[in-house]
Amino acid sequence: MSHFIDVILTIPLQKLFTYAVSEAEAAILQPGIRVAVPFGKSKIYTALVKHVHNRPPEAYTAKEIHQILDEEPLVNAFQLQHWEWVAQYYMCSLGEVFRSAVPSAFLLESETLILPSKGQDLDEGLLTDEEFLIFEALQHQSSLKVQEVAAIVDRKNVLPLLQRMFSKGAIELKEEIYEQYKPKLVRYVQLGEGYEKEDQLQTLLEELSRAPKQRMAVLALFQLQLETKKPVRLDALSIKSGTSKAVIKSLIDKGILMEYHLQTDRVQFDWGQAKGIKSLNDVQTMALADIQQSFDNQKVTLLHGVTSSGKTEVYSQLIQDCIEKGKQVLYLLPEIALTTQLISRLRTYFGEKISVYHSRYSIHERVEVWNNVVRQRSKAQIIMGARSALFLPYGNLGLIVVDEEHEPSYKQFDPAPRYHARDAAIVLGKMHGANVLLGSATPSVESYNNAKKGKYGLATIDRRFGNMLMPDIELVNLKEKSRKRLMNGHFSDRLMDGIMEAIGEGRQVILFQNRRGFAPIVECTTCGHAPQCPNCDVSLTYHRYRNQLRCH
């Protein structure tokens, strides 16, 4: 019986593609495993298995896969179901969602290798001077990369040249796939075999009496092992002993010390000692009770709390309840800057249970967070991040918090999928059977309307934490002030009086301006062209006073 798989390719086409696999491969493969597949004439793509079946394609003959890339699924069933909803609702292909959702290190790249032709003898007179240089280089090397060919002929675009050589039978082309992600390995040292016992160590120290620096390194290692009860890093030993790494290397070469490597995450937080969550005041406790009641009724809940009302402490209590049940928590924030600020607050409550995921982290760091979530490690029980954290491989999600749910930055505009993280999070929560909490001091119109209609639950905190007073807000009619000639440039007399009063009391003043420049964009009415900065592709802002287009 023939076996086939339907795969998702990272291309903007709506259909799945079918490939042939052997019976042994079919026994290994399951949805969510990556495979490398040939596509087109020579390209190798990373694809994701969607189905394993026995139905051959009707319109074409199925090619065989290149190789299997995973032993276990990289993407789980919840993700595939969620991706299908995102693709259907936001009108894009499943491949575009796949490309956007996973760290690019998982999308193995292919590299064209140039090999000498194994065919019949070639008439070298048919080759041009540049082609002969490449042909001659291949007589001394088994293969060349495209960039190496470019260096040999001293030109950037060598693809047409290689294509001509291929058509003449002078070379062969092969696609080789390579992994972008490399785990971080840290060097550790320990005493070599035969030096662990106390009498052996004493003999060693006597032998090293004429090498004081090496003796100091061995003593420092022994001291670090006693103090920390943990593996000793090579650089930590160098600092503790006050010796260079060359001294430690000489001990390794002699067999006195043994060197080994341990894989470690690139992102490490100095968590310190976790403390308990702050006790809630009466208003927060009432809001928490309303939220839990709505969760019992399986409703998405909106927490409408004024600025500085202590919404984070309410979130923290819900997170604590969730992780005590052994479930995962997703905490979405609209901006990366807010993520950093909030980590420092929540780490005092939850310690090393928090992982952070956003685009400012490197590819390697994001891969490590992804792997920790797949394996449901305790260090990834709470995930904090911007909208991309929505696509991580959660397998046991219990709570989703969407903080500042009104923020427009939750909406992805370009490229596809053009999803809204708040709405996609609500759907993801329903798929997992997880509770979803939306929080804001100024809720979006649609969320507040859903809460008022009873579609969402609603909890309110209308007082600031510690009963601090709300700021006084005074509206000034600038048209009226201008008519009475009480304006000083852009400033009213009331504003000037307030500024002078604050300065007179030795206090500071902040003036917010809604934008710089006369117009944020200038567009040609004939062709629609909008001038952009040649350095960063940001639309140029028109400054009327200087009659200039400037980049901000």
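Okay, one term before we start: two strands count as paired if DSSP finds at least two bridges between them. Keep that in mind while we look at this model, which is a predicted one.

Let's begin with strand β15, residues 382–385. What does β15 pair with? On one side of the story there's strand β13, residues 328–332, which runs parallel to β15 and joins it over four bridges. If you want a spot to click on, leucine 332 sits opposite glycine 385 of β15. Then there's strand β14, residues 354–357, and this pairing with β15 is also parallel, again over four bridges. Here the spot to click on is valine 356, which faces methionine 384 in β15.

Now, the side chains. In a regular strand, side chains alternate between the two faces of the sheet. You can follow that along β15: Ile382 and Met384 point one way, Ile383 and Gly385 point the other way. And are those four buried or exposed? They're all buried.

Next, a quick stop at glutamine 214, which you'll find in helix α8, residues 212–228. Glutamine 214 has a relative accessible area of 12%, and the cut-off for buried is under 20%, so this residue counts as buried. What does it touch? Leaving out residues up to four places away in sequence, the contacts of glutamine 214 are Leu208, Val247, Ser250, Leu251 and Lys254.

Right, salt bridges. The count for this model is 17, and I've picked three of them to walk through.

Arginine 418 pairs with aspartate 414, with 2.8 Å between the closest N and O atoms. Arginine 418 is partly exposed, at 39% relative accessibility, while aspartate 414 is exposed, at 58%.

Then arginine 422 and glutamate 446, where the closest N and O atoms are 3.1 Å apart. Why does this pair tie together separate parts of the chain? Because arginine 422 lies in helix α15, residues 421–432, and glutamate 446 lies in helix α16, residues 445–452, which puts the two parts 24 residues apart in sequence. Arginine 422 is buried, at just 3% relative accessibility, whereas glutamate 446 is partly exposed, at 43%.

My third pick is glutamate 474 with arginine 494, at 3.1 Å from N to O. This one links distant parts of the chain too: glutamate 474 is in the loop between β18 (457–461) and α17 (478–483), arginine 494 is in helix α18, and they're 20 residues apart. Arginine 494 comes out as partly exposed, with a relative accessible area of 36%. And one more thing on salt bridges: some share partners, and that joins Glu405, Arg422, Asp423 and Glu446 into one network.

Last stop, the largest pocket, with about 1,300 Å³ of space in it. It has 28 lining residues, and the ones closest to the centre are Leu495, Ile499, Ile510, Leu511 and Phe512. Which elements give two or more residues to that lining? That would be β20 (491–492) and α18 (493–504). Helix α18 is the top contributor, with six residues. And what kinds of residues are in the lining, by class? There are 13 nonpolar, seven polar and eight charged.

So if you open the structure afterwards, try helix α18: arginine 494 with its salt bridge is there, and that helix gives the most to the pocket lining. That's me done, thanks!

Key:
Residues numbered from 1 in each chain as written. Predicted model: local features only at pLDDT ≥ 70, side-chain atom pairs only at ≥ 80, totals over all residues. Heavy atoms only, no water. 1 Å grid on protein atoms, 1.4 Å probe; cavity = no way out; pocket = protein on both sides within 12 Å on 5 of 7 lines; lining within 4 Å. Points joined across faces, edges and corners; volume = space filled by probe spheres on them. Nonpolar A, V, L, I, M, F, W, Y, C, P; charged D, E, K, R; others polar. Salt bridge = Lys/Arg side-chain N within 4 Å of Asp/Glu carboxyl O. Buried < 20%, exposed > 50% of the residue type's maximum accessible area, 1.4 Å probe, protein only. Contact = heavy atoms within 4.5 Å.
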